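Q: Here's one to pick apart together. Please take me through it piece by piece.

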Amino acid sequence: MKTDLTDKTIVLGVTGGIAAYKSVELLRLLRKQGANVRVMMTRNACEFVGPLTFEALSEHPVSNSLFDKGDDAPIRHIDWAREADAVVIAPATANIIGKLAGGIADDALSTFMLAVTSPVILCPSMNTHMYQNRAVQKNLGTLKSYGYFIVKPEAGDLACGTTGPGRLPDPPDILDRVLYRLTPSDLKGKRFLVTAGPTREHFDPVRFISNPSSGKMGYAIARAAEHRGGHVTLVSGPVTIPPPLNVSVVRVLSAQEMARAVFDRMEQSDMIIKTAAVSDYRPKEQATHKIKKGEKEKTLALQKNPDILKELGRRKRKQVLVGFAAETQELEKNAGKKLAEKNLDMIVGNLLTQPESGFGTDTNQVTLFYRDGSKEPLDVMEKDAVAHLLLDRIIERIIRR
Ligand code: C5P
């Protein structure tokens, strides 16, 4: 499945709230995803951010009046509505929300909106009391019933000095909800259990054995599954990246904690994808206090951790089970062996010796190994794209068979 916005035309509507400055960044992110973006601003929005900024970054004229200048200007509101694959209004003020709910067309944006037939993503942002006002809430309810996708404002300190809901979410989160709205729900209702990140095996309160897993691959899978309509639980080792939206995150530290979290949720899962880089061993003993340095050499005795995936393979009934194999040599041999030993439906192999692959990178180069002995080497791709392709193959090669 295509995961970015290439070939899509998005109209970004900007209305007159203090958060209008965030729309500049949103425009950049939409363009980075490959979208062709046209910007429509209300007159009040132009008081906050100059149209020139949006014009330069979108590489298109900005529309802010029904009487714009330019050859195409007189019918811009109709042409842009016809061309749009989606419309995003961020920030959306109480005023535009009221006008849209009432069908009022008294400026370029509100007139254009009456001609729009594509999905609309609306991001309300205003003072808390205004947001909670019954008229605004009623209007939002009306727009929801018309099929608008409403991105809830965040709670926090607002520019007007109040604290509460009303803040425009950060641009990456708005982009994420745009992608969610535009991604077909081909995994609707499927329950996913994804593990990600490293584990930490402490031998004293401040020291541990671990690995450099960033969690990016597992988080990308969780995000992709959520975008496609899945209910996702993400069991995550310690990582620094932000959690995907609308995903239930269970934080764990050690392999034993991860094992408990996973086994507890196994029965309620349809697909289990084990991306985590689990430590195979843990220190036999864990000191209560920091171990002091001494003159002599020290030896750390290790004992085996539970192989979570192997145990899942043993217990599995109807679940689809996918593992990862990170190797530094003999990928094919090792991956094939794990696929069989752990009773998996698929294993994703990646060689950690390549620069664009593995721990911490945003890209990955993997080979998919299937139960029937076949394999599919993939090109170097963004981890988000690998995640979607993996889900495509789960649908085509496992669920549909
Ligand atoms: O055998 P190996 O550790 O290389 O297998 C990797 C796969 O097994 C990954 O999917 C990883 O999440 C899982 N694993 C596990 N429990 C362990 C070690 C690995 O679930 N103790």
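A: One term up front: a polar contact is a pair of N or O atoms within 3.5 Å; within protein, one must be able to donate a hydrogen and the other to accept it, and residues adjacent in sequence count only if both atoms are side-chain atoms. The model is predicted, so to speak of local features takes pLDDT of at least 70 and side-chain atom pairs need pLDDT 80 or more, while totals for chains, interfaces and linings use all residues. Residues are numbered from 1 along each chain as its sequence is written, and side-chain values use heavy atoms, leaving out hydrogens and water.

Q: How far is a backbone N or O atom of Lys-274 from an oxygen atom of the ligand?
A: Lys-274 belongs to the set around the ligand (a heavy atom within 4 Å), along with residues including Asp-280, Asp-307, Phe-324, Lys-338 and Lys-342. A backbone N or O atom of Lys-274 makes a polar contact with a ligand oxygen, and the distance is 2.6 Å.

Q: Which residue has an N or O atom in the side chain 2.3 Å from an oxygen atom of the ligand?
A: Phe-324 isn't the one, as its 2.9 Å contact with a ligand oxygen uses a backbone N or O atom. The 2.3 Å pair involves the side chain of Lys-338.

Q: Are helices H1 and H9 parallel, perpendicular or oblique to each other?
A: H1 (residues 20-32) and H9 (residues 171-182) are helices as DSSP runs (H or I, at least four residues; strands are E, at least two), numbered from the N terminus. Their axes (lines fitted to C-alpha atoms over the stretch in contact, angles running from 0 to 180 degrees between N-to-C directions) come within 9 Å and cross at roughly 50°. With under 35 degrees roughly parallel, over 145 roughly antiparallel, 65 to 115 roughly perpendicular and the rest oblique, this makes H1 and H9 oblique.

Q: Is the crossing of H5 and H8 left-handed or right-handed?
A: H5 (residues 94-102) packs on H8 (residues 134-145) at about 50°, axes 9 Å apart. For handedness, the near helix is turned from the far one by less than a right angle, anticlockwise for left-handed and clockwise for right-handed. The H5 and H8 crossing is left-handed.

Q: How many charged residues does the contact of H10 with H14 have?
A: The axes of H10 (residues 216-227) and H14 (residues 383-399) come within 8 Å and cross at roughly 55°, in a right-handed crossing. Contact (heavy atoms within 4.5 Å) involves residues including Lys-216 and Arg-223 of H10 and Lys-383 and Asp-384 of H14. Counting Ala, Val, Leu, Ile, Met, Phe, Trp, Tyr, Cys and Pro as nonpolar, Asp, Glu, Lys and Arg as charged, and the others, Gly among them, as polar, there are 9 nonpolar and 1 polar, and the charged count is 4.

Q: What is the omega of the peptide bond from Ala-90 to Pro-91 near?
A: Most peptide bonds are trans. This one is cis, and Pro-91 sits in strand E3 (residues 86-92). Its omega is near -10°.

Q: Which residue other than glycine has phi near 60°?
A: Most residues other than glycine have a negative phi. Look in the loop between helix H3 (51-58) and helix H4 (76-83). The residue with the positive value is Glu-59.
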